[in-house]
Amino acid sequence: MRNVVALNNLSNKLRQAAMWMKNVRSYDPQGRYTRLRGPMWIHIQTIDRCNATCVMCPYSSLSKSASGNVMNDDLYSHIIGEVGRNEATKNIVLMLQNEPLLDRKLPDRVQLARKIIGPGARIMIVTNAEPLTTAMIDRLVASGIDHVSVSIDAIREETFGKIRQGLSFHRVVENTLALISRLGKQRVSVKFLRQRENEGEEYAFASYWKRAGVKVTFCELTNRAGTLESYERIKKRHPDLWKKLVHPVLNRLVPACPLPFTSLNILSDGRAITCSEDWGPRDTIGDLSRQTLQEVWNGEKINHYRHLLWTRRPAESLVCAGCALSDRYWRT
């Protein structure tokens, strides 16, 4: 199982690197614009709250008002209409720095996106699975959603409790299994974010969820563009040997952090941020309540940040200066 997990991880990273290398190299440093017609990925935050207080999250709902800010229906329709006119976008993630299912309209938003965009783009969410009631699962199934990724990060209840504070391990597992049963194995995956508390649980985690028939994704912890104060304390201590060998090669193939070259990230009020790691946010690059997607995607502000990354000057970037991904994206 260890070898299978390592090979799967390597295969996924190589595919990712090939895609990102193409996207990053679409940037024209002389003209200071990207030749990509639009973002490959769009993340949309329809509510700015979460129901957990996870150790790897820069902020939680405890520091905010109870109800949260929900995206206006007209603004959401406008954004989805803009996405529908942009054939470059292949993935729409209705989640950004939040728990998307706290937005009770989420299934209706998925349905609207599918109606406007059609089958040309994949619509998905990332969730902690706590709000996955039977009624919500039924609504998601009826919405036409393409994929649901569930973040669990542990195979032991004790470990889960230390990482995903405020959530019930048994409820999350039961809800995920119920989702798999109703939505189908091909449309659900589970995610494991590597960190100090869950070291050594990767293979048992992979074995359990592969028996359930779903894809398992392993991700690396980041410092959230410098906003995660506990990063040094909670990051994984012992990097895998294959990463030490492969990641330096990948960093040479992809000349800059690919996130601002590949994706667009929209907050609940329509403002766009440089990348999903900017949890401040430290800066915004446009506003979809007043601008078109194309005006933001190839605007002066986002291309300023792209240029700083391309010319290896992240220290001069308001957003990227403190980010663990800015000097080398593929971390060991």
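These are my notebook entries on what I looked up in this predicted model.

**Entry 1: Overview**

I began with the whole protein. I counted twelve helices and 13 strands. The protein has 332 residues, and buried residues make up 55% of them. I then turned to contacts between residues with a separation of 6 or more along the chain. Of these contacts, 73% are accounted for by residues 24 or more positions apart.

**Entry 2: Aromatic pairs**

I next looked up the aromatic rings, and the count came to seven aromatic pairs. I noted the pair of Tyr27 and Trp310, which is tilted, with 5.7 Å from centre to centre and 55° between the planes. Where do the two partners of this pair lie in the chain? Tyr27 is in strand β1, residues 27-28, and Trp310 is in helix α12, residues 300-310. The pair thus links distant parts of the chain, as its members are 283 residues apart.

I also looked up how accessible these two residues are. Tyr27 is buried, with a relative accessible area of 1%. Trp310 is partly exposed, and its relative accessible area is 24%.

My second pair was Tyr208 with Trp209. The ring centres of Tyr208 and Trp209 are 4.9 Å apart and their planes stand at 85°, so I recorded this pair as edge-to-face. The reasoning rests on a cut-off: planes over 60 degrees apart count as edge-to-face. Tyr208 is partly exposed, at a relative accessible area of 30%. Trp209 counts as buried, at 1% relative accessibility.

I returned to Tyr27 to look for a wider grouping. Tyr27, Phe261 and Trp310 form one aromatic cluster.

**Entry 3: Arginines over rings**

I then looked up charges over ring faces and noted two cases. Arg109 lies over the face of Tyr76, at 5.1 Å from the ring centre. Arg306 lies over the face of Trp297, and here the distance to the ring centre is 4.3 Å.

**Entry 4: Helices α2 and α3**

The residues Tyr76 and Arg109 led me to a pair of packed helices. Helix α2 covers residues 73-84 and helix α3 covers residues 106-117. At what angle do α2 and α3 pack? I recorded an angle of about 35°, with the axes 9 Å apart. The crossing of α2 and α3 is right-handed.

I listed the residues at which the helices meet. From α2 they are Asp73, Tyr76, Ser77, Ile80, Gly81, Val83 and Gly84. From α3 they are Arg109, Val110, Leu112, Ala113, Ile116 and Ile117. Tyr76 and Arg109 are therefore among the residues at this meeting of helices, and Arg109 is also the residue that lies over the face of Tyr76.

**Entry 5: Cysteines**

How many disulfides does the structure have? The count came to zero. I looked up two of the cysteines to see how far away their partners might be. For Cys54, the nearest cysteine sulfur belongs to Cys50 and is 5.9 Å away, and Cys54 is in no disulfide. Cys54 counts as buried, at 12% relative accessibility. Cys275 is likewise in no disulfide, and its nearest cysteine sulfur, that of Cys323, is 6.1 Å away. Cys275 counts as buried too, at 8% relative accessibility. I noted the cut-off for this step: the two sulfur atoms of a disulfide must be within 2.5 Å.

**Entry 6: Strand β5**

I looked up two residues of strand β5. Asn91 has its place in this strand, which covers residues 91-93. Is Asn91 buried or exposed? Asn91 is buried, with a relative accessible area of 10%. Its C-alpha is 6.4 Å from that of Ile42, although the two residues are 49 residues apart in sequence. Leaving aside neighbours within four places in sequence, I found Asn91 in contact with Met40, Trp41, Ile42, Ala121, Arg122 and Met124.

Val93 also has its place in β5. Val93 is buried, at a relative accessible area of 2%. The C-alpha atoms of Val93 and Met124 are separated by 4.9 Å, with their positions 31 residues apart along the chain. Not counting residues up to four places away in sequence, Val93 touches Trp41, Ile42, His43, Ile44, Met124 and Val126.

**Entry 7: Asn175**

My last entry concerns Asn175, whose place is in helix α6, residues 169-183. Asn175 is buried, with a relative accessible area of 13%. Apart from residues up to four places away in sequence, Asn175 touches Ala129, Glu130, Leu132 and Ile137.

How values were computed. Residues numbered from 1 in each chain as written. Predicted model: local features only at pLDDT ≥ 70, side-chain atom pairs only at ≥ 80, totals over all residues. Heavy atoms only, no water. Phe/Tyr/Trp six-rings, centres within 6.5 Å; stacked < 30°, edge-to-face > 60°. Helix = DSSP H or I, 4+ residues; strand = E, 2+ residues; numbered from the N terminus. Buried < 20%, exposed > 50% of the residue type's maximum accessible area, 1.4 Å probe, protein only. Lys NZ or Arg CZ within 6 Å of the ring centre and 35° of its normal. Axes fitted to C-alpha atoms, helices over the stretch in contact; angles between N-to-C directions. Left-handed = near helix turned anticlockwise from the far one by under 90°. Contact = heavy atoms within 4.5 Å.
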